[in-house]
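Welcome to this short briefing on a protein structure. Take a moment to turn the model around before reading on, and keep it beside you as you go.

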Amino acid sequence: MKLSRFSRVGAAAVATGALALTLTACGSDDPVGSTGGSDAPSEASELSGELNGAGSSAQEAAMDAWRAGFQSANGDVTVNYDPVGSGGGVTQFLKGGVAFAGSDAALSDDEVAEAKSVCLDGDVIELPVYISPIAVVFNLEGVDSLNLDAATIGKIFDGKITTWNDPAIADQNPDVDLPDTAITPVHRSDESGTTKNFTDYLAKAGADGWPYEADKVFPVEGGQSAKGTSGIIQTVTGGQGTISYADSSQAGDLGTVAIKVGDEYVAHSPEGAAAIVDTSPRVEGRGEFDFAMELDRTSTDPSTYPLVLVTYDIACATYEDQATADLVKGLFSYIVSEEGQQAAASAAGSAPISDTLRTNAQAGIDAISAKS
Amino acid sequence: MTSTAPPTARATPARRRRTPRDRGMNRAFRLVSTGSGALILAVLAAVAIFLVARAWPALTTPGAEIAQDVGWFPADASFLSFVGPLVFGTLLAAVLALVMAVPLSIGIALFISHYAPRRLATALGYAVDLLAAIPSVVYGLWGAMTLVGFVGPIWEWLASFLGWIPLFEGPAATPARVMLTAAVVLAVMILPIITAVCREVFLQTPKLHEEAALALGATRWEMIRTAVLPFARSGIVSGAMLGLGRALGETMAVLMILSPGFLYSFAILQAGQQQTIAANIAAQYADAAPIGVSTLIATGLALFVITMAVNMAARAIVARRKDFSGAN
């Protein structure tokens with residue numbers, strides 16, 4: 001009895017291992033991994049096999065929701081996502097280790113060129129599928145909301161403005177009774193896409209208030225810091241006069257800053273975040289379905305909220321075998337679908353993408369095919 | 001010490017193996033225990049080899065090249081100038097914790113061994129041992145969520161009245177995510193192990209010594225000072241070193257409490273000044289590029305070396321003190 005059970009488990013393990021091996025490479029042509037792989041594009045419900053991705057940990061919660069939703073709709077499909085970080089995910093993708101990658105930055109021109117070989121001379125597809133507004137949060141007794149422009153926020157985080165009743169803050173908030181509490185800026189102590197997008201916003205929109213460049217590591221030395229969004233929220237809540245930046249879904253009861261866009265002050269909202277992705281120009285000189293965005297941080301349209309984190313899901317337009325192509329197609333279709341975006345919104349607090357972007361993205365997804 | 005066994009009893013192993021009694025279970029047990037002893041050495045060697053092998057790329061790559069791929073590596077640093085502040089922070093945290101924990105542990109252990117009524121002593125002993133069973137992540141949560149708020153006003157008071165001492169230089173950070181808070185939590189974490197060792201050693205003080213002291217008219221304090229503490233000195237040192245070992249390597253609590261910085265700074269009330277090696281590895285490992293991982297493992301190698309050095313120093317102290325401890 002014992003022995004036979006053992007061997008069955010062993011056989012299952014070997015089979016799983018074989019599946020994993022065959023599908024880790026999108027250039028693999030071994031058909032073991034695809035029982036549903038046929039020449040004709042199959043219906044979503046007929047998909048089976050295993051799909052591997054890796055990359056950004058920022059979209060891990062959303063990807064978990066997408067994997068769960070996609071797998072429950074397609075019983076025979078297993079999707080794995082390894083949140084190794086954007087850099088690691090892109091590297092694995094470019095080496096053909098995984099079929100798709102998640103990244104909180106679009107591929108560089110060099111990386112797009114490199115992707116040609118793994119994508120069998122086809123295009124690379126980048127979809128900005130996970131949009132998360134970043135809120136500037138603060139903890140100041142009696143104050144729930146403040147109006148600040150990017151230059152002032154930059155000076156606060158650079159340590160140039162040190163008290164809450166500084167004229168630079170008071171001038172923009174004539175109706176708020178500001179105490180003379182010291183300002184304690186808090187930043188992320190680990191490498192983070194949130195930090196990169198926040199510093200990118202300050203660098204582009206903050207004019208003379210922020211002398212640093214966009215970076216995943218917070219550029220100002222010293223001061224309070226904490227690991228992860230949860231650590232940030234905990235630190236801001238635990239102090240008085242603290243200010244930091246975090247995914248807006250985690251802001252909770254903390255006060256948030258309405259940032260200056262054009263002539264108005266705009267509070268963070270999912271709609272504003274989705275709008276800025278729509279109005280931003282695409283990176284030039286890329287493939288037809290490469291939706292890499294040049295985020296317009298200096299937007300003056302008050303219906304947009306330019307302080308957002310966008311992560312991309314990256315795939316090839318051409319795969320070696322039909323099964324992988326179908327799986328990627330199915331997964332990405334689910335991700336951009338209204339249902340998928342809603343799942344991410346409730347699981348990770350992201351902003352659902354607009355219908356315009358969905359239509360465009362779907363066109364790109366439909367172009368995914370196997371090498372003929 | 002006089003040996004009762006004649007030297008011939010320690011004859012060559014070859015002869016022992018041939019004796020008729022070294023068979024069956026006897027032989028098996030000898031092999032098992034020898035194997036266990038060898039295994040621990042093998043594990044230690046394996047860890048050391050792993051550390052050196054994986055750290056090698058970082059140790060041989062110039063700092064500027066590492067900095068290209070790794071965001072948190074300062075552009076103008078070499079590996080040594082990167083690891084220096086981390087070693088400093090690690091030692092500072094551990095020493096601060098030790099300074100707080102050792103006197104307290106000795107007090108608790110003395111109370112349990114010589115002052116408390118028997119029942120209370122047993123209960124207190126259990127309570128202290130229980131502290132050792134709390135996982136460090138729980139200590140971290142407690143420190144970051146409760147203790148940080150509680151000690152904030154105390155640190156502010158320290159900074160305003162004792163700020164002229166470099167150690168307590170203000171302004172005290174709010175929230176108090178600073179080295180001193182982390183050190184307090186570390187002290188609580190190493191308290192049980194030091195207390196347990198001290199208690200055992202205090203209890204082993206020869207009754208004759210204690211009674212002799214009392215008979216000569218010593219008060220209880222004088223008895224402890226003249227009979228118990230000298231006898232226990234080496235035990236206290238080894239207990240403290242065990243605690244130091246744990247404090248050096250503690251990760252979660254420091255990671256969750258401390259706002260890290262990379263300076264050679266004694267300002268333990270300010271945020272963003274120091275960081276420990278273990279907490280830095282945990283903070284940066286998840287998203288690190290390959291050369292970054294190698295750099296982190298190299299800092300781990302530094303920690304490994306420090307811990308070994310500390311333990312060997314402790315051994316040396318204990319061995320040297322044994323002869324003078326009054327145990328004979």
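Which residue in S10(A) does Lys260(A) stand opposite? The residue facing Lys260(A) there is Tyr265(A). Please keep in mind that you are looking at a predicted model. Let us start with chain A as a whole and then work down to its strands and out to chain B.

**Chain A overall**

- Chain A holds twelve helices and 13 strands.
- Of the 372 residues in chain A, 53% are buried.
- If you take the contacts in chain A between residues at least 6 apart in sequence, 73% of these contacts join residues at least 24 apart.

**Two domains in chain A**

- According to the domain assignment, domain 1 of chain A is made of three stretches, 14-133, 286-293 and 310-370, while domain 2 covers 134-271.
- The centres of the two domains of chain A, taken over C-alpha atoms, are separated by 34 Å.
- Where the two domains of chain A touch, eleven residues of domain 1 are in contact with eleven residues of domain 2.
- On the domain 1 side of this contact, you will find five nonpolar residues, five polar ones and one charged one.

**Strand S9 of chain A and its partners**

- Strand S9 of chain A spans residues 255-261, and two bridges link this strand to strand S4 (residues 124-139), with the two running antiparallel.
- Within the pairing of S4(A) and S9(A), Val137(A) has Thr256(A) as its bridge partner.
- Strand S5 of chain A (residues 145-148) is joined to S9(A) by four bridges, and here the strands run parallel.
- Thr256(A) appears again in this pairing, standing opposite Ser145(A).
- Three bridges connect S9(A) with strand S10 (residues 264-266) of chain A, and these two strands run antiparallel.
- S9(A) and S10(A) form a hairpin with two residues between the strands, and Gly262(A) in this hairpin takes a positive phi near 65°.
- As you follow the strands, remember that in a regular strand the side chains alternate between the two faces of the sheet.

**Where chain B meets chain A**

- The contact between the chains involves 21 residues of chain B and 22 residues of chain A.
- On the chain B side, helix H6 (136-161) and helix H11 (277-284) each supply at least two residues.
- H6(B) gives the most to this side of chain B, with four residues.
- Sorted by class, the side of chain B that touches chain A has twelve nonpolar, seven polar and two charged residues.

Notes
Residues are numbered from 1 along each chain as its sequence is written. Chains are lettered from A and ligands numbered from 1 in the order in which they are written. This is a predicted model: local features need pLDDT of at least 70, side-chain atom pairs count only at pLDDT 80 or more; totals for chains, interfaces and linings use all residues. A residue is buried if 20 or more other C-beta atoms lie within 10 Å of its own, exposed if 12 or fewer, and partly exposed in between; C-beta atoms are placed from the backbone. Two residues are in contact if their C-beta atoms, placed from the backbone, lie within 7 Å. Ala, Val, Leu, Ile, Met, Phe, Trp, Tyr, Cys and Pro count as nonpolar, Asp, Glu, Lys and Arg as charged, and the others, Gly among them, as polar. Two strands pair if DSSP finds at least two bridges between them. Domain bounds come from an automatic or database domain assignment.
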